[in-house]
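Me: I have a chain open here and would like to talk it through before going back to the bench. Could you take me through it slowly?

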Amino acid sequence: MAARLDRTDLKILRLLQNNGRLSNAELAETVAISPATCHRRTQRLFEDGFIATVRAMVAPKKVAKGTLVMVGVVLDRSTPESFATFEQAIAKLKFVLDCHLVAGDFDYFLKIRVGDMEDFNRIHGEQLIALPGVRQTRTFFVMKEVVDNAPLEF
């Protein structure tokens with residue numbers, strides 16, 4: 001699919017990835033194409049799935065979600081049915097930012113934002129360990145976010 005992208009498309013993607021608030025006029029000027037051409041290309045990038053969405057990055061501390069927690073989850077069974085059941089349940093939890101099926105010591109790795117350790121303790125006790133099929137969790141409180149949501153390199 002990447003073969004369908006020319007240099008101009010790639011430049012548009014890089015610019016929008018770094019600043020999703022660029023207007024079509026600013027984007028067109030930077031890429032050195034007409035605004036109409038830029039609009040058509042950008043729309044095609046959306047339609048073809050190269051740009052999934054555009055959204056604001058909210059500062060977690062400003063909305064009382066300054067504590068980042070990573071949680072490794074081990075399920076009691078490794079079957080397609082138990083994975084599907086867990087995935088359906090975890091997708092409903094709004095405090096879970098990311099959920100990834102992984103290889104290694106855990107079945108899933110979760111990225112969760114909470115207000116503080118007490119907030120996480122409540123969520124863990126009331127919701128996480130009650131998820132279907134969960135045998136064990138291991139919690140990692142993030143001390144410092146060194147790289148978070150870096151732009152893709154392409």
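Reply: A definition before anything else: helices (H or I, at least four residues) and strands (E, at least two) are DSSP runs, numbered from the N terminus. This is a predicted model, in which local features need pLDDT of at least 70 and side-chain atom pairs count only at pLDDT 80 or more, while totals for chains, interfaces and linings use all residues. Residues are numbered from 1 along each chain as its sequence is written, and side-chain values use heavy atoms, with hydrogens and water left out.

Me: Okay, what does UniProt list for residues 5-66?

Reply: The unreviewed UniProt entry lists that stretch as "domain: HTH asnC-type"; UniProt positions are given in the numbering used here, feature names are shortened, and annotations may be inferred rather than shown by experiment. In the model, residues 5-66 are 53% helix and 0% strand, and the C-alpha atoms at the two ends are 38 Å apart.

Me: And how many helices and strands does the protein chain have?

Reply: The protein chain has five helices and four strands, and along the sequence they follow the pattern α-α-α-β-α-β-β-α-β. The radius of gyration (taken over C-alpha atoms) is 20 Å, well over the 15 Å that the globule rule (2.2 Å times the number of residues to the power 0.38) gives for 154 residues, so the protein chain is more spread out than a compact globule. Its C-alpha atoms fill a box of roughly 55 × 40 × 25 Å along the principal axes.

Me: What share of the 154 residues counts as buried?

Reply: That share is 29%, where buried means under 20% relative accessible area, exposed means over 50%, and partly exposed lies in between (1.4 Å probe, protein chains only). As for contacts (heavy atoms within 4.5 Å), residues 24 or more positions apart account for 65% of those in the protein chain with a separation of 6 or more.

Me: Back to the helices: how do the axes of helix 2 and helix 3 cross?

Reply: The axes of helix 2 (residues 24-31) and helix 3 (residues 35-47) come within 9 Å and cross at roughly 105 degrees. Axes here are lines fitted to C-alpha atoms, for helices over the stretch in contact, and angles run from 0 to 180 degrees between N-to-C directions. Helix 2 and helix 3 are therefore roughly perpendicular, on a scale where angles under 35 degrees count as roughly parallel, over 145 as roughly antiparallel, 65 to 115 as roughly perpendicular and the rest as oblique.

Me: Which residues of helix 2 and helix 3 meet?

Reply: From helix 2, Asn-24, Leu-27 and Ala-28 meet Pro-35, Cys-38, His-39 and Thr-42 of helix 3. By class, that contact has four nonpolar, three polar and no charged residues, with Ala, Val, Leu, Ile, Met, Phe, Trp, Tyr, Cys and Pro counted as nonpolar, Asp, Glu, Lys and Arg as charged, and the others, Gly among them, as polar.

Me: Then what about helix 1 and helix 3?

Reply: The axes of helix 1 (residues 7-18) and helix 3 come within 11 Å and cross at roughly 75 degrees, and the two helices are therefore roughly perpendicular to each other. Thr-8, Asp-9, Ile-12, Leu-13 and Leu-16 in helix 1 meet Arg-41, Thr-42, Arg-44 and Leu-45 in helix 3, and the residues of this contact divide into four nonpolar, two polar and three charged.

Me: Switching to the backbone, where does Ala-32 lie?

Reply: Ala-32 lies in the loop between helix 2 and helix 3, and its phi is positive, about 70 degrees, although the residue is not a glycine. Most residues other than glycine have a negative phi. Ala-32 is exposed, with a relative accessible area of 66%.

Me: And Asn-149, is that buried or exposed?

Reply: Asn-149 is exposed at 54% relative accessible area; the residue sits in the segment after strand 4 (134-141), and its phi is also positive, near 55 degrees.

Me: Last one: what does Lys-65 contact?

Reply: Leaving aside neighbours within four places in sequence, Lys-65 is in contact with Pro-60, Arg-113, Val-114, Gly-115 and Asp-119. Lys-65 lies in the loop between helix 3 and strand 1 (67-75) and, at 35% relative accessibility, counts as partly exposed.
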